[in-house]
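User: I would like to learn how to read the features of a structure. Could you take me through one, feature by feature?

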Amino acid sequence: MDAPFVYGRIALDMNYTDRDKETLLLKNNFLNLINTVIISPRRWGKTSLVNKVKNELGKEYRKELIICHLDVFNCRSEEHFYKAYSNAILKTTLSTWEKFIAGSKKYLGRFAPSVSFSNTAQTFELSFGIDMKEPNLSVDDILDLPQILAKDLNKKIVVCIDEFQNIHGYADSLAFQRTLRAHWQTHDKVATVCMAVNGIC
Ligand SMILES: Nc1ncnc2c1ncn2[C@@H]1O[C@H](COP(=O)(O)OP(=O)(O)OP(=O)(O)O)[C@@H](O)[C@H]1O
Ligand SMILES: [Mg+2]
């Protein structure tokens with residue numbers, strides 16, 4: 001007999017039930033560019049909820065709204081975070097690899113970016129050519145990337161960051177959180193939606 005429920009994967013389409021109020025609230029936050037943090041214990045449906053809103057608004061507001069998604073579960077340092085953040089934003093906003101290469105040079109040229117291709121996975125990936133541990137290095141260009149792209153493309157951008165609690169393990173997590181706040185609060189064309197686990201992660 002086929003199992004009537006899907007468990008352990010993101011709940012999609014027919015498998016998604018309820019959460020009507022939360023869906024409406026989150027849609028309004030996306031459209032009004034309100035920064036949002038969704039916190040719950042594991043398996044309470046954070047990713048599924050954000051994914052549902054992303055899919056529904058992505059279709060309806062395709063012309064004016066870009067929604068990026070990244071999962072920082074495997075990002076064990078600020079450097080990894082910056083790489084995942086830049087890749088997700090550039091990949092979603094600049095659809096082809098030609099635009100991706102041009103965009104990485106235009107917007108992140110200071111970081112000496114290089115792009116590698118994977119034929120098997122049919123994907124491409126940006127890496128930084130300079131040492132991100134350099135103490136005087138400013139990461140403004142990376143953290144302001146969605147705001148600058150939103151202005152250039154004349155669109156709104158929502159950046160959804162999954163497993164955000166992971167940044168707690170970074171070397172100087174508090175300083176990193178302050179840096180993020182300092183940048184994100186100045187963005188008027190971008191909203192950041194963070195999903196985080198409380199309790200044991
Ligand atoms: N609205 C929903 N309707 C039906 N099933 C759901 C719904 N939301 C979540 N689920 C079920 O719960 C499981 C956990 O959902 P999801 O992965 O979205 O939670 P999560 O809070 O992001 O979990 P984690 O903290 O581990 O990342 C899914 O595999 C799915 O089976
Ligand atoms: Mg999740």
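User: Which residues are linked in a network of salt bridges?

Analyst: Side chains of opposite charge can pair when their charged atoms come close. The cut-off here is a side-chain nitrogen of Lys or Arg within 4 Å of a carboxyl oxygen of Asp or Glu. In this predicted model, Lys-27, Lys-52 and Glu-56 form such a network. The structure holds seven salt bridges.

User: What should I know about the numbering and the filters?

Analyst: Residues count from 1 along each chain as its sequence is written, while chains are lettered from A and ligands numbered from 1 in the order in which they are written. Because the model is predicted, local features need pLDDT of at least 70 and side-chain atom pairs count only at pLDDT 80 or more, whereas totals for chains, interfaces and linings use all residues; side-chain values use heavy atoms, leaving out hydrogens and water.

User: Which parts of the chain does the salt bridge of Arg-42 and Glu-163 link?

Analyst: Helices (H or I, at least four residues) and strands (E, at least two) are DSSP runs numbered from the N terminus. Arg-42 sits in the loop between S1 and helix H2 (46-60), and Glu-163 in the loop between S5 and helix H7 (173-184), 121 residues apart. Their N to O distance is 3.0 Å. Buried means under 20% relative accessible area, exposed over 50%, and partly exposed in between (1.4 Å probe, protein chains only). Glu-163 is buried at 12%, and Arg-42 is partly exposed at 30%.

User: What does the salt bridge of Lys-91 and Glu-125 tie together?

Analyst: Lys-91 lies in helix H3 and Glu-125 in strand S4, so the pair ties together parts that are 34 residues apart in sequence. The N to O distance is 3.1 Å. Lys-91 is partly exposed, at 29%, and so is Glu-125, at 30%.

User: In what order do the four strands of the open sheet run?

Analyst: Strands of a sheet pair through backbone hydrogen bonds, either parallel or antiparallel. Two strands count as paired if DSSP finds at least two bridges between them. Here the order is S1-S6-S5-S2, with parallel pairing. Strands S1 (36-40) and S2 (65-71) are the edges, each pairing on one side only. S2 and S5 (residues 156-162) share seven bridges, and Leu-65 stands opposite Lys-156 in S5.

User: In which sense do S3 and S4 pair?

Analyst: Strand S3 (residues 114-118) and strand S4 (residues 123-127) pair in the antiparallel sense over five bridges. Val-115 has Leu-126 in S4 as its bridge partner. Four residues lie between the strands of this hairpin, where Gln-122 takes a positive phi near 55 degrees.

User: Which residues touch the most other members of the largest nonpolar core?

Analyst: In soluble globular proteins, nonpolar side chains tend to be buried together. A nonpolar core is a set of buried Ala, Val, Leu, Ile, Met, Phe, Trp, Tyr and Cys residues joined through side-chain atoms within 4.5 Å. Of the 38 residues in the largest core, Phe-81, Tyr-82, Tyr-85, Leu-108, Ile-161 and Phe-164 touch the most other members. Helix H3 (residues 78-93) gives the most to this core, with six residues. A second, separate core of 18 residues includes Leu-26, Phe-30, Leu-31 and Leu-33.

User: How many disulfides does a search of the whole structure find?

Analyst: The cut-off is a pair of cysteine sulfur atoms within 2.5 Å, and the search finds zero disulfides. For Cys-68, the nearest cysteine sulfur, that of Cys-160, is 7.9 Å away. Cys-68 is buried, with a relative accessible area of 0%, and Cys-160 is also buried, at 0%.
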